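The following exercises concern the reading of a protein fold. Please study the sequence and the structure before attempting them.

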Amino acid sequence: MNKILEVENLTFKYEQESNDVQLKGVTFDVFSGEWLSIIGKNGSGKSTTARLIDGLLEGFTGAIKIDGQLLSQENVWDLRRKIGMVFQNPDNQFVGATVEDDVAFGMENQGIPREEMIRRVDEALGAVNMLDFKKKEPARLSGGQKQRVAVAGIIALRPEIIILDESTSMLDPTGRAEIMRVIHDIKDKYHLTVLSITHDLDEAAHSDRILVMSDGKIIRQATPAELFASDEDMVEIGLDVPFSANLMADLRELTFGNIPEKYLDDEEL
Ligand code: ADP
C-alpha cells in the first residue's frame, strides 16, 4: 500500500532554550486510505505531532514526508493543501456570516473560480448532510452541525488527509455519532486518509490502526483487536472508562466474543 504520510524520528521542543522535550523521536507511517487513531494521556504529544504534520510549528528535527515529499519551509504552503485539520472547539472555526460563506472561505483564499466554488459548496454541504442549512448563521447551529460545516469547508478544498484533533470531544453523543458517520461516508467518497486524535474508545475501536503515545513517544502500534485483547491497562494509556454499551458491542466483535475479563468487570458498573 501507498504511504501518504511518513514521520521519522520527529523531535521537538516548544522553547529551544528549555530542557523539556515534547516529542522524542516519533516514527510512524500512515497508508493511503487508512483510518489511524492516536490515543494517549493528556500532554503525551498527540496535538503537537498533528500541528507539526500540518506545518503549524517550526524547528523540529527528523523528517515528515507527505505524499512522498519532504516537508520543508519552502514547500510548507503547498503541502498544507494536502491536509485538512478539524480542531476541538467548533466555535473557534467560523469565519463566514452564513454556512455557505464559511465553506467558501478557504476556496476564496485559494483563488478557485466562482462557478467551481458554488458547485463545491453545495457538494460539500450535501456530503455532510448540511445543505438545508446553507443560508443559516453558523452561531445558531448545534456543536455537531458546526463540526460538520467545518468538515465541509475542508473537503471542498480536496485534501488527501483529514486530521481530527479531538474534534468530537466537545460534542454530545448525538453530535459525535453524526461526525463519525460523516467522516466514514466522505472517507470513501473522497479517497481520504484519516488521522484522528481521540479520547473516545468507541471511535478508536472503529479505526484501522491505533498508535498509543506516552511522554512524547509512540509506545504501541496495534490494530484495535490487538490492543483491546492485550493486557494493557486502558486507564494507564489514557482512555475513558467505564465502557459504554456501544463499546462492549465493538469489543465483542473485535475479540470474536472472547472479551478479556477486565472489561467484563466494567460492564457490571
Ligand atoms: P496531547 O495532545 O497529547 O494532550 P500536546 O501535544 O498538546 O499533548 O502537549 C505535549 C506537551 O507539550 C505537554 O507537555 C504540553 O504542556 C506541551 N505544550 C503544548 N503546547 C505548548 C505550547 N504552545 N507551548 C509550550 N508547551 C506546550
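The exercises below treat the chain, its sheets, a helix contact and single residues, each with a worked solution. The model is a predicted one.

**Exercise 1. The chain as a whole**

Determine how many helices and strands the chain has, and what percentage of its residues is buried.

Solution. Step 1: the secondary structure comprises 10 helices and 10 strands. Step 2: the chain has 269 residues, and buried residues account for 39% of them. Step 3: consider the contacts between residues at least 6 apart in sequence; 70% of these join residues at least 24 apart.

**Exercise 2. The sheet of four strands**

State the strand order of the open sheet of 4 strands, and identify its edge strands.

Solution. Step 1: the order is β2-β1-β4-β5, and the pairing is antiparallel. Step 2: the edge strands are β2 (23-31) and β5 (69-70), each of which pairs on one side only. Step 3: examine one pair in detail. Strand β1 (residues 3-12) is joined to β2 by 7 bridges, and the two run antiparallel. Within β2, L23 is the bridge partner of F12. Step 4: locate the helix placed against this sheet. Helix α1 (residues 46-53) lies across β1, β2 and β4 (61-66), at about 120° to β1.

**Exercise 3. The sheet of six strands**

Give the strand order of the open sheet of 6 strands, and explain why one side of β6 and of β10 is left without a neighbour in the sheet.

Solution. Step 1: the order is β6-β7-β8-β3-β9-β10, with mixed pairing. Step 2: β6 (83-86) and β10 stand at the edges with a single partner strand each, so one side of each has no neighbour in the sheet. Step 3: from one strand to the next, the twist averages 20°. Step 4: compare two pairings. Strand β3 (residues 35-40) pairs with β9 in the parallel sense over 5 bridges, and S37 stands opposite I210 in β9. Strand β9 (residues 209-214) and strand β10 (residues 217-222), by contrast, run antiparallel and are joined by 5 bridges. In β10, I218 is the bridge partner of M213. Step 5: β9 and β10 form a hairpin with 2 residues between them, and D215 in the turn has a positive phi of about 50°. Step 6: return to helix α1. This helix lies across β3, β6, β7 (161-165), β8 (193-197) and β9, and runs at about 150° to β7.

**Exercise 4. A helix contact and the nonpolar core**

Describe how α3 and α5 cross, and state which residues make the contact.

Solution. Step 1: the axes of helix α3 (residues 99-109) and helix α5 (residues 143-155) come within 7 Å and cross at roughly 35°. Step 2: the crossing is right-handed. Step 3: α3 contributes V99, D102, V103, F105 and G106 to the contact, while α5 contributes V149, A152 and G153. Step 4: classified by character, these residues are 5 nonpolar, 2 polar and 1 charged. Step 5: turn to the largest nonpolar core, which has 65 residues; V103, A152 and I163 have the most contacts inside it. The largest share of this core, 6 residues, comes from α5. Step 6: beyond its neighbours within four places in sequence, A152 is in contact with V103, A124, L125, A127, V128 and M130. As a general rule, nonpolar side chains in soluble globular proteins tend to be buried together.

**Exercise 5. Three single residues**

Decide for A204, D67 and H191 whether each is buried, partly exposed or exposed.

Solution. Step 1: A204 belongs to helix α7 (residues 201-205). Since 26 other C-beta atoms lie within 10 Å, and 20 or more are required, A204 is buried. Apart from its neighbours within four places in sequence, A204 is in contact with S37, I39, T198, I210 and P224. The C-alpha atoms of A204 and P224 are separated by 7.1 Å, although the two residues are 20 residues apart along the chain.

Step 2: D67 lies in the loop between β4 and β5. Because it has 16 C-beta neighbours inside 10 Å, D67 counts as partly exposed. Its phi is near 55°, a positive value in a residue other than glycine.

Step 3: H191 is found in the loop between α6 (173-189) and β8. With 11 other C-beta atoms within 10 Å, and a limit of 12 or fewer, H191 is exposed. The phi of H191 is also positive, near 50°, in a residue other than glycine.

Conventions
Residues are numbered from 1 along each chain as its sequence is written. This is a predicted model: local features need pLDDT of at least 70, side-chain atom pairs count only at pLDDT 80 or more; totals for chains, interfaces and linings use all residues. Axes are lines fitted to C-alpha atoms, for helices over the stretch in contact, and angles run from 0 to 180 degrees between N-to-C directions. A crossing is left-handed if the near helix is turned anticlockwise from the far one by less than a right angle, and right-handed if clockwise. Two residues are in contact if their C-beta atoms, placed from the backbone, lie within 7 Å. Ala, Val, Leu, Ile, Met, Phe, Trp, Tyr, Cys and Pro count as nonpolar, Asp, Glu, Lys and Arg as charged, and the others, Gly among them, as polar. A nonpolar core is a set of buried Ala, Val, Leu, Ile, Met, Phe, Trp, Tyr and Cys residues joined through C-beta atoms within 7 Å. Two strands pair if DSSP finds at least two bridges between them.
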